[in-house]
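Here are some notes for a first reading of this structure, set out as numbered points. Please keep the sequence and the model open while going through them.

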Amino acid sequence: MASSPTVLMRLVASAYSIAQKAGMIVRRVIAEGDLGIIEKTCATDLQTKADRLVQASICSSLARKFPKLTIIGEEDLPPEDVDQELIEDGQWEEILKQPCPSQYSAIKEEDLVVWVDPLDGTKEYTEGLLDNVTVLIGIAYEGKAIAGVINQPYYNYQAGPDAVLGRTIWGILGLGAFGFQLKEVPAGKHIITTTRSHNSQLVTDCVTAMNPDDVLRVGGAGNKIIQLIEGKASAYVFASPGCKKWDTCAPEVILHAVGGKLTDIHGNALQYNKEVKHMNSAGVLATLRNYDYYASRVPQSVKNALVP
């Protein structure tokens with residue numbers, strides 16, 4: 001008789017279904033026409049009705065099924081009764097059929113920290129750049145990102161009015177990453193993806209030092225990691241504080257599960273335990289291949305300016 005699924009596999013299977021519901025909420029808010037935009041700290045730091053509803057949906061759905069989890073969400077929302085229609089209690093059965101990597105088979109619920117970005121690329125969402133938008137659910141154990149789910153609510157939206165929208169990518173270290181076709185940038189090409197709305201002299205200096213053939217300025221950390229795994233960019237360079245743990249946790253897993261690497265600008269691994277500060281204050285450097293080439297080109301002046 002097959003043994004029952006481990007805590008980690010049940011959590012990822014639930015997060016998959018919860019992320020799909022999140023994508024539906026994101027699309028519904030736009031369809032209804034009222035984004036409910038508020039400024040958090042400045043004109044580029046926005047929150048919409050979709051951010052609020054999705055965070056309530058994800059966090060409440062996870063907490064009901066896994067009450068001992070630590071869940072850290074981007075939005076600072078007051079506790080409230082969540083509408084039952086926002087709760088997703090399904091789980092994706094395909095994930096439950098997969099074997100749990102042995103190093104994670106004995107993990108207990110209370111050992112896990114979940115980092116939630118309900119809508120990564122909010123500014124782009126408000127401007128109609130819908131392919132930049134992702135929903136991110138990252139799972140960490142002993143400070144390390146080990147499993148992640150990314151939903152792209154508007155994947156395929158440029159394929160016409162009859163297109164089926166949205167897809168969900170998921171991955172677990174030691175098992176793999178699924179839901180997309182892995183591609184690589186042609187050999188010898190250096191295409192950098194970096195921030196669209198948080199540019200600075202440090203970012204410019206670091207990107208220029210990479211001697212890129214092309215620079216893609218887009219929104220969302222999740223979107224940038226997807227560009228790496230789909231062969232649109234060879235490195236994600238963000239030499240600035242600003243990116244947070246909920247931006248990087250899930251995407252880092254997907255990238256690492258296919259042999260890529262994500263660190264801060266100094267080459268340090270990011271930490272995801274529950275006490276850690278939320279800001280990735282020493283920036284982000286990520287590649288699918290040839291990490292050392294890009295790491296070696298980060299200017300010392302940039303490293304000196306970004307303190308871990």
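1. A residue is called buried when its relative accessible area is under 20%. In this predicted model, 53% of the 308 residues of the protein chain count as buried.

2. As for overall dimensions, a compact globule with 308 residues would have a radius of gyration near 19 Å, and the protein chain, with 18 Å, agrees with that expectation. The C-alpha trace spans about 55 × 45 × 40 Å along its principal axes, while the surface that the protein chain exposes comes to about 13200 Å², with carbon and sulfur atoms supplying 49% of it.

3. The protein chain has 9 helices and 13 strands. Among the contacts with a separation of 6 or more, 72% are accounted for by residues 24 or more positions apart.

4. One strand pair deserves a closer look: S9 (residues 191-195) and S10 (residues 214-218) pair in the parallel sense over 5 bridges, and Thr-193 has Leu-216 in S10 as its bridge partner. Between S9 and S10 the chain passes through helix H5 (residues 201-209), and this β-α-β crossover is right-handed.

5. Is Thr-122, which has a relative accessible area of 10%, buried or exposed? With that value Thr-122 is buried, because the cut-off for a buried residue is under 20%. Thr-122 lies in helix H4 (residues 122-126), and its side chain makes a polar contact of 2.9 Å with the side chain of Asp-51 and reaches the backbone oxygen of Leu-119 at 3.0 Å. Leaving aside residues up to four places away in sequence, Thr-122 touches Leu-46, Gln-47, Thr-48 and Asp-51.

Terms used: Residues are numbered from 1 along each chain as its sequence is written. This is a predicted model: local features need pLDDT of at least 70, side-chain atom pairs count only at pLDDT 80 or more; totals for chains, interfaces and linings use all residues. Side-chain values use heavy atoms; hydrogens and water are left out. Two strands pair if DSSP finds at least two bridges between them. Helices (H or I, at least four residues) and strands (E, at least two) are DSSP runs, numbered from the N terminus. A crossover is right-handed if, with the strands pointing away from the viewer, the path from the first strand over the helix to the second runs clockwise. The radius of gyration is taken over C-alpha atoms; the globule rule is 2.2 Å times the number of residues to the power 0.38. Buried means under 20% relative accessible area, exposed over 50%, partly exposed in between (1.4 Å probe, protein chains only). Contact means heavy atoms within 4.5 Å. Accessible areas come from the Shrake-Rupley method with a 1.4 Å probe; for residues, only the protein chains shown count as cover. A polar contact is a pair of N or O atoms within 3.5 Å; within protein, one must be able to donate a hydrogen and the other to accept it, and residues adjacent in sequence count only if both atoms are side-chain atoms.
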